[in-house]
Amino acid sequence: MDTEPAAKQASRAVIPLAIAQFIMVLDSSVMSVSISQLVEEFDTTVSTIQLAITLYALVMAALMLTGGKIGDLFGRLRIFRIGLVIYAIGSLMTAIAPTVEVLIVGWSFIEGAGAALVLPALAALVAGSYEGPARARAYGIIGGVAGAGVAIGPLLGGWLTTEYSWRWVFAGEVVFVVFVLAVSRWITDDHVRERFRLDLVGALLSALGLALVVIGVLQSGTWGWLQPLQSPITPFGFALTPFVIGTGLLVLWGFFAWERRVAARGRVPLLDVRNLRIPALRSGLASLLAQNLVLLGIFFAVPLYLQVTQGMDAFQTGIRLLPTSIAMLAAAAIGARLGAALGARALVRTGLVTIVLACLVIIATIEPVLATTPFAIGMALVGLGAGLLASQLGNVVQSSVPSEARSEAGGLQYTAQNLGSSLGTALIGSLMVGALASSVLGLIAADPDLESAVRDQATVQVSQGLEYVTPAEAEAALLEAGYPAEQVDDLVEHYAASQLWGVKVGMLACAVAALAALPATRRLPGRRDTAALTSA
């Protein structure tokens, strides 16, 4: 047998896998900078577009474990290809969507379902295509590409949205999917298909539990965490959020109990809970959740500062985020090579500490006038830290489980990442809005130049809810609400100063979250353990 063509094929496997990973993470970041054009084009509301974004994350998180198990049942490479076809159908439907309802079906549901099939299979196929140090490098590339997609998305989406149309992004995805399918023969599938009955009850419980948790977290900014804001119902006087999340956690408890029961009966569970006893797997999943929480929190706070306070458009915002992408790709590639020498634990901890430093640097630059060079350094440090994390965690998760559990581990991996993403956006967003409101109230109360009637009116309005808008939009809204013109300038000044404070609080929260994740790294492989993993 000629091993040279096989080796060449294996070396190329990362190309279609990395492109598939990039496509999977591109959508949300592109849609986030295209909201205003979508609202105008479909004659709808911002909340409707935000619903579409929420449903996309929800479908992926809810179906990820089931998608991984389907790969075990029918073959990982086959399901990878089928998932890509489903994803392309959704992308095409989104690109030509005549109404927002068609967009939601195509993007949120069809693309989300396709991604839930592709991503767990993708994680397992990397492990099947590579061995030893090459596997670690491949996971570093995949992780770097995933993070870069989050950062490049606003740049690409902003440019296309400004110059052409957001629809070109989804049309382009169809072309990329066709290319990935054409070269998917480069991917090695070492998995032997299993014969078992899919655990439908487990699939339903996991989907329902994760869906409720994600819905609760994502709606917390609208409903409120405890104090009701726009909660549809108020059980016992509280917001609906904790009850939805609590119900989701209760359903997930029932899911784990059911999975133990299925395994005890000798059947194949959706999730082998015994794998969660593996310390490296638990630490890897916790670190992945923390990575995405912090990264998505930063990518919520920073664009808000650039667009609302600095008045930049989507493309200009993407340019300011470019140092993150470049540093992330470089750090992921270098970190994959350093893993065996330094150990996953050391590199992940270095990455988290680097992100803390990056947040502090960025906080120092959050002023009315952007400090361009220090800000770029801070964003590059974000990419450096995130790249080091990405270079290790995928390999740790996959290498810590037996080969037959790789799809299951892939499902857990991307479930943790999606939960982290939704938590990052919701938690950091809630903290920023809360800091904005409290700062505005404090400045209004301390301003002796404001009339008492204006102060009381503004206090009531802020207490009812506040959003991040440009100072010009705030001024127009205040004048329309009947505030005296001579008092509006002071109120807008307080509002603009409070916006800066809110962004600083959000970035500080990201730094605290990164520090809080350090104890979760305790069970990650050290230098000797990582060397053993990469040589396996």
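User: In this predicted model, does Y164 count as buried or exposed, and what is the reason?

Analyst: A residue is called exposed when its relative accessible area is over 50%. Y164 has 52% relative accessibility, and therefore counts as exposed. Y164 sits in the loop that links helix 7 (132–163) to helix 8.

User: Which residues form a nonpolar patch on the surface together with Y164?

Analyst: The nonpolar patch consists of W159, Y164, W168, F315 and I319. Together these residues have about 550 Å² of accessible area.

User: Which residues make up the positive surface patch?

Analyst: The positive patch on the surface is built from four arginines, namely R197, R261, R265 and R267.

User: Where is R197 found, and how is its exposure to be read?

Analyst: R197 belongs to the loop between helix 8 (167–182) and helix 9 (200–218). The cut-off for exposed is again over 50%. The relative accessible area of R197 is 69%, so R197 is exposed.

User: How many helices and strands does the chain have?

Analyst: The chain contains 20 helices and 0 strands.

User: What does the radius of gyration indicate about the chain as a whole?

Analyst: The radius of gyration is compared with the value expected for a compact globule. For 536 residues that value would be near 24 Å, and the chain has 24 Å, so the two agree. Along the principal axes, the C-alpha atoms fill a box of roughly 85 × 50 × 45 Å.

User: What share of the residues in the chain is buried?

Analyst: Buried residues are those under 20% relative accessible area. In this chain they account for 56% of the 536 residues.

Key: Residues numbered from 1 in each chain as written. Predicted model: local features only at pLDDT ≥ 70, side-chain atom pairs only at ≥ 80, totals over all residues. Heavy atoms only, no water. Patch = residues over 30% accessible without salt bridge, like charges linked within 9 Å, V, L, I, M, F, W, Y side chains within 5 Å. Areas by Shrake-Rupley, 256 points an atom, 1.4 Å probe, with all protein chains shown as cover. Salt bridge = Lys/Arg side-chain N within 4 Å of Asp/Glu carboxyl O. Lys, Arg positive; Asp, Glu negative; His and termini not counted. Charge placed at Lys NZ, Arg CZ, Asp CG, Glu CD. Helix = DSSP H or I, 4+ residues; strand = E, 2+ residues; numbered from the N terminus. Buried < 20%, exposed > 50% of the residue type's maximum accessible area, 1.4 Å probe, protein only. Rg over C-alpha atoms; globule rule 2.2 N^0.38 Å.
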